[in-house]
Amino acid sequence: MSKIVIALGGNALQSKNSAPTAEGQLEVVKNTCERIADICSQGYEVAIVHGNGPQVGRILLASETAKDVTPAMPFDVCGAMSQGYIGYHIQQALRYALNTRNINYPVLTVATQMIVDEKDPGFTNPTKPIGPFYTEEEAKSLQEEKGYSMKEDAGRGWRRVVASPIPKRIVEIEAIKNLWDSSIVISCGGGGIPVVEKMNGTLEGVAAVIDKDFAAELLAEQVDADTLMILTEVEKVAINWGKPDQKNLDHMSLAEAAQYVEEGQFAPGSMLPKVEAAMKFARTYPNKKAIITSLDKAIDALEGKTGTVITFA
Ligand SMILES: Nc1ncnc2c1ncn2[C@@H]1O[C@H](COP(=O)(O)OP(=O)(O)O)[C@@H](O)[C@H]1O
Ligand SMILES: NC(=O)OP(=O)(O)O
């Protein structure tokens with residue numbers, strides 16, 4: 001059976017058109033899980049990685065706002081909280097969607113720690129957008145008042161950006177591999193809880209948010225997946241994106257993708273990490289493929305009918 005690691009983007013978890021409540025997230029996740037269950041019912045074995053940018057940003061905000069009532073939680077703990085409640089929603093919704101298709105695999109979430117290098121340049125150059133969107137004015141005053149780093153996010157508004165080191169090693173990988181045959185595993189949520197390994201072998205959480213596309217790629221390598229599938233809002237990656245001469249791409253070889261990256265075709269913090277993660281998978285496995293497409297088109301893309309496919313040649 002073909003093994004797929006699926007990375008779920010923001011639109012698979014929350015709707016832009018409604019308040020970011022827990023109930024709203026569950027509604028969106030129910031639809032997402034119907035699509036994932038469709039993939040499972042085609043005979044694919046799947047593992048799920050999800051993002052957490054909006055969620056971890058809001059948990060941090062809530063924690064900071066409530067600091068006079070209860071101590072603020074550190075960054076890594078907020079990441080762990082986001083894995084817990086997003087994983088819970090996916091577990092609940094996917095269990096139901098699978099059961100209605102007479103598939104009875106258990107679905108479970110592994111709180112996953114991800115080892116990063118404490119000297120990673122990401123710690124001095126924050127790039128990962130988290131939390132809500134702001135106007136430029138709001139962003140500038142937050143920058144002044146709270147010392148946040150704020151950046152414009154792919155034409156969609158301003159957001160807080162935080163350190164995003166490269167994921168190096170999945171601490172719980174052996175457990176995830178052991179669980180693969182009997183369960184659908186949700187792991188490396190939000191890219192994994194970022195931890196550094198100390199000289200004495202202990203792990204220590206650090207203030208960062210890892211990119212889930214890079215984490216999904218690392219997981220796909222570790223479980224020897226056949227396909228890395230990155231699901232986002234758009235059906236295809238484009239060059240000249242948002243311009244009158246936008247061209248949606250069916251396929252990119254590694255060389256073509258590298259050329260487009262060089263030209264700055266992909267927005268940092270949004271499409272760029274997806275393309276870079278897909279390139280890494282294609283470089284590691286010249287006979288396998290990475291696909292970037294939308295949730296609704298996932299099955300069509302697996303059948304080769306749409307999406308942007310990234311391969312070695
Ligand atoms: N070259 C591009 N081609 C397609 N989409 C792009 C491109 N550059 C930026 N984008 C934007 O990036 C978005 C995907 O990034 P984002 O929403 O941050 O990811 P996620 O789905 O993981 O939450 C797309 O929905 C689109 O708005
Ligand atoms: N951690 C992460 O990559 O989250 P988003 O996909 O929400 O940006």
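The exercises below work through the fold, one residue and the ligand surroundings of a predicted model.

Residues are numbered from 1 along each chain as its sequence is written, while chains are lettered from A and ligands numbered from 1 in the order in which they are written. Because the model is predicted, local features need pLDDT of at least 70 and side-chain atom pairs count only at pLDDT 80 or more, whereas totals for chains, interfaces and linings use all residues.

**Exercise 1.** Describe the secondary structure and overall dimensions of the chain.

Solution. Begin with the DSSP runs, where helices are H or I of at least four residues and strands are E of at least two, numbered from the N terminus; the chain has nine helices and 17 strands. Next, take the radius of gyration over C-alpha atoms and compare it with the globule rule, 2.2 Å times the number of residues to the power 0.38: the value of 19 Å is close to the 20 Å given for 313 residues, so the chain is as compact as a globular protein of that length. Finally, the C-alpha trace spans about 50 × 45 × 45 Å along its principal axes.

**Exercise 2.** Place L272 in the fold and decide whether L272 is buried, partly exposed or exposed.

Solution. First, L272 belongs to helix α8, which covers residues 271-284. A residue is buried if 20 or more other C-beta atoms, placed from the backbone, lie within 10 Å of its own, exposed if 12 or fewer, and partly exposed in between; L272 has 19 such neighbours and therefore counts as partly exposed. For contacts, meaning C-beta atoms within 7 Å, L272 touches F266 and A267 once neighbours within four places in sequence are left aside.

**Exercise 3.** Characterise the residues around ligand 1 and ligand 2 by class.

Solution. A residue is near a molecule if its C-beta atom, placed from the backbone, lies within 6 Å of it. By class, Ala, Val, Leu, Ile, Met, Phe, Trp, Tyr, Cys and Pro count as nonpolar, Asp, Glu, Lys and Arg as charged, and the others, Gly among them, as polar. Around ligand 1 there are 16 residues, of which G9, G10, T232, E233 and S270 come nearest, and this shell divides into eight nonpolar, seven polar and one charged. The residues around ligand 2 include G9, G10, D211 and K212, and its shell has one nonpolar, seven polar and two charged residues.

Definitions and conventions:
Two residues are in contact if their C-beta atoms, placed from the backbone, lie within 7 Å.
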